[in-house]
Amino acid sequence: MTLLLLSALAVAEPPAVLPGLEAETAAEAAVSAPPSGLDERVEELLRQMTLEEKLGQLQQLDGEAGGDYRPEHLELARQGRLGSTLNVRGAKRVNELQKAALESRLRIPILFGYDVIHGFKTIFPIPLGEAASFDPAAAERSAAIAAAEASAAGVRWTFAPMVDIARDPRWGRVAEGAGEDPYLGSVMAWARVKGFQGEDLTAQDKVLACAKHWAAYGAAEAGRDYNTTDLSEHTLRSVVFPPFRAALEAGALTFMSAFNDLNGVPATANPFLMTQVLRQEWGFEGFVVSDYTAVQELVAHGLASDGAEAARRALGAGTDMEMVSRLYNQHGARLVQEGRLPLAVIDEAVRRVLRVKFRAGLFERPYAELGRESPVLRSDHLKAARLIAARSMVLLRNEGGVLPLDKRIRTLAVIGPLADDKRSMLGTWPADGRAEDAVSVLEGLRGKTFPEAKVLYAKGCALAGEGAEGLDEAVRVAQQADAAVVVVGEDADMSGEAASRAALDLPGRQLDLVRAVLGTGTPTVVVLMNGRPLTIPWIAENVPAVLEAWHPGVQAGHAVADVLFGDVNPGGKLPITFPRSVGQIPIYYAHKSTGRPPDAKNKYTSKYLDSPVTPLYPFGHGLSYTSFELSDLALSAKTLPPDGKLTASVQVENTGNRPGDEVVQLYIQDADASVTRPVRELRGFERVTLKPGEKRKVEFPLTPEHLGFYGRDSRFIVEPGLFRVFAAASSVGGLEASFEVVPK
Ligand code: GLC
């Protein structure tokens with residue numbers, strides 16, 4: 001029997017409790033069921049609405065830069081013609097605008113949205129960094145804290161999680177996602193939706209989630225933001241869709257359309273995405289909001305000759321709400337009157353919006369509760385931010401025991417353009433986070449060393465450009481120190497939206513700075529602060545200790561100090577491949593074998609003349625201050641039917657002398673299928689904390705959802721044949737076993 005299975009990967013339940021965090025227990029599957037009588041209430045409202053009021057519900061407008069509403073919004077609200085805003089926040093202001101909406105004829109409340117991507121006031125690591133924790137409970141926790149803070153400010157909807165799979169680090173928005181892998185991306189999508197929404201969508205401290213950007217935005221050609229994407233349906237279903245499906249399964253009730261042209265049909269007007277897959281195949285009951293002016297941009301795409309055609313195509317495809325551009329309201333009535341757009345299409349879009357507003361409890365509780373906003377960051381939130389930041393860090397190299405640093409150190413040099421930069425610590429979506437609340441690396445290290453220790457600082461060079469007048473000062477400072485920490489990378493604006501880079505080297509003269517400091521002979525540690533993989537082959541080769549810290553959030557300095565001095569043993573793993581050079585891109589671990597896999601001894605195989613084919617650091621890579629060993633990979637069966645299940649188990653032991661975390665990763669390879677399959681695919685992981693000498697058995701289920709793939713007819717199937725299983729500490733190497741799927 002061919003199994004038509006869930007198209008999502010089996011999304012693992014996040015572990016219940018994170019050590020050191022009072023994390024809520026892992027949430028159950030479905031969110032609160034729709035309130036009884038929901039459809040009747042929606043239909044009752046719809047029956048009363050004028051066409052103008054209906055189109056008004058499909059309009060989202062942007063607030064003032066500082067979060068206030070605009071005068072025009074009040075008037076539109078009183079006329080019942082403003083369905084939603086973005087960027088309006090602050091309980092008092094939200095309530096003022098909401099009051100105007102509740103004075104309208106039908107009293108339909110406004111839905112207040114905002115980009116709460118990795119924190120609201122307490123800013124957490126960028127999502128790419130959080131994914132490096134391989135700790136869904138951490139992701140759920142940070143989303144829950146963000147929701148609590150944002151909802152206190154009247155925000156009821158966040159435009160997150162961003163779940164775009166990205167395999168081209170030239171694209172700046174890799175910073176906002178969970179990296180290159182659909183399984184990790186699915187687990188993180190699930191966790192973040194659960195964190196934002198919880199189990200009860202009407203709860204005071206929760207916000208609606210929004211899975212974005214639907215779809216394939218991360219496949220922008222040449223890594224250039226907003227650029228064309230062209231992917232096979234097979235790749236869409238196998239790589240791009242799973243995290244969106246996981247977000248939907250976790251209860252997400254809104255999606256956001258992507259800017260990009262997908263296979264010739266821009267996502268915002270793409271019926272395959274918005275109707276066939278999302279509604280007909282997946283049964284999505286929420287609504288889709290366009291990205292910022294994406295409806296208007298259909299004209300620039302060349303898909304629509306004018307605004308009316310753009311509105312017709314976007315609404316007709318299934319994009320329900322228009323963000324910022326106003327074509328639905330400008331042209332909707334005429335499109336209906338001219339018979340170019342059935343009123344039923346508008347009605348269905350309005351139904352979807354109203355349903356979500358009812359399910360979010362907006363009619364029962366339209367106002368923000370005053371007094372919940374805190375002028376200061378809560379200590380428990382800061383504690384969580386510090387721990388999650390430390391758990392997101394990845395130890396890329398540690399030769400000669402340079403790390404952890406000794407707390408008795410007498411003189412420490414802290415060097416680099418990012419060493420005392422507070423703003424960049426907050427990353428690409430700082431929401432209402434404040435740079436003055438951030439702890440810089442310099443402050444964090446000063447706070448960790450003994451009072452009698454000397455902590456010397458030198459900026460060394462500018463973050464970009466040729467300015468290097470500070471190099472000599474940096475060398476002098478390093479020469480006086482027992483160890484030097486050099487903090488280099490990108491500032492917060494060098495990644496994120498509209499921040500593609502054609503080269504991925506350290507900007508400016510930062511590499512010269514690292515070389516100069518290392519040249520003093522002082523034991524040197526490089527701390528990377530970046531929103532994407534960087535090409536750092538010289539550093540990887542020559543600097544004995546390298547820590548990937550990403551943009552770690554408001555507690556950056558304390559978290560970096562905790563890791564560098566060993567109070568936290570780093571346990572993160574790379575969620576995205578680090579290339580040696582831009583020339584290798586796209587490069588990712590779940591690649592196909594090809595008919596001529598690279599062979600150094602055979603010219604006529606798939607490789608370069610001028611570069612290795614291997615990455616600088618592979619997906620899943622990350623070291624520890626202790627050491628671990630995997631052993632005894634065992635499968636509960638050697639054969640199984642296509643609908644069968646088995647368990648893979650492996651022993652992991654801490655063979656070193658300090659407690660630490662290992663992320664045990666389970667990969668499969670379907671070695672015999674009617675469609676070529678990747679050489680490895682992540683199908684399970686578990687971050688375990690072990691004491692020295694402690695050994696633990698870790699088990700991974702392998703079910704049809706894990707083993708299946710989209711066949712030539714785009715149906716999700718499990719085929720008979722050989723499967724290899726790998727248990728490893730990264731996407732390279734590890735223990736191997738195999739089993740056979742046999743026909744029933
Ligand atoms: C931006 C982004 C999107 C964001 C939206 C609202 O252009 O593409 O991710 O949620 O506009 O700020």
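**Entry 1: terms and starting point.** I take a strand to be a DSSP run of E with at least two residues, numbered from the N terminus, and by that reading I place H213 in strand β5, which covers residues 211-214. I also note at the outset that I am working with a predicted model.

**Entry 2: the bond before H213.** I looked at the peptide bond that joins K212 and H213 and found that it is cis, with omega about 0°. Going on into the loop between β5 and α8, I came to A216, whose phi is near 75°, a positive value in a residue other than glycine.

**Entry 3: the ligand.** Which residues come nearest to the ligand? Of the 13 residues around the ligand, I list D115, R173, K212, H213 and D291 as those that come nearest, and so I meet K212 and H213, the pair with the cis bond, once more. When I sorted the shell around the ligand by class, I counted seven nonpolar residues, one polar residue and five charged residues.

**Entry 4: distances to the ligand.** I then went through individual side chains, beginning with D115, which has a polar side-chain atom 2.5 Å from an oxygen atom of the ligand. For H213 I read 2.6 Å between an N or O atom of the side chain and an oxygen atom of the ligand, and for K212 the corresponding separation, again from a side-chain N or O atom to a ligand oxygen, is 2.8 Å. How much of the ligand's accessible area does the protein cover? On its own the ligand has 310 Å² of accessible area, and I find that the protein covers 93% of it.

**Entry 5: another cis bond.** I recorded a cis peptide bond from A160 to P161 as well, with omega near 10°. P161 is found in the loop that runs between β4 (157-158) and α7, which led me to look at how α7 is packed.

**Entry 6: α7 and its partners.** I started with helix α6 (residues 136-152), whose axis comes within 7 Å of the axis of α7 and crosses it at roughly 30°. Because angles under 35 degrees count as roughly parallel, I enter α6 as roughly parallel to α7, and I add that their crossing is right-handed. I next took helix α7 (residues 182-197) with helix α8 (residues 233-249), and found their axes 8 Å apart at an angle of about 20°. These two helices are therefore roughly parallel to each other, and α7 passes α8 in a right-handed crossing.

**Entry 7: α8 and α9.** Are α8 and α9 roughly parallel or oblique to each other? The axes of α8 and helix α9 (residues 271-281) come within 13 Å and cross at roughly 60°, so I enter the two helices as oblique to each other. For the handedness of this pair, I note that α8 passes α9 in a right-handed crossing.

Definitions and conventions
Residues are numbered from 1 along each chain as its sequence is written. This is a predicted model: local features need pLDDT of at least 70, side-chain atom pairs count only at pLDDT 80 or more; totals for chains, interfaces and linings use all residues. Side-chain values use heavy atoms; hydrogens and water are left out. A residue is near a molecule or strand if one of its heavy atoms lies within 4 Å of it. A polar contact is a pair of N or O atoms within 3.5 Å; within protein, one must be able to donate a hydrogen and the other to accept it, and residues adjacent in sequence count only if both atoms are side-chain atoms. Accessible areas come from the Shrake-Rupley method with a 1.4 Å probe; for residues, only the protein chains shown count as cover. Ala, Val, Leu, Ile, Met, Phe, Trp, Tyr, Cys and Pro count as nonpolar, Asp, Glu, Lys and Arg as charged, and the others, Gly among them, as polar. Axes are lines fitted to C-alpha atoms, for helices over the stretch in contact, and angles run from 0 to 180 degrees between N-to-C directions. Helices (H or I, at least four residues) and strands (E, at least two) are DSSP runs, numbered from the N terminus. Angles under 35 degrees count as roughly parallel, over 145 as roughly antiparallel, 65 to 115 as roughly perpendicular and the rest as oblique. A crossing is left-handed if the near helix is turned anticlockwise from the far one by less than a right angle, and right-handed if clockwise.
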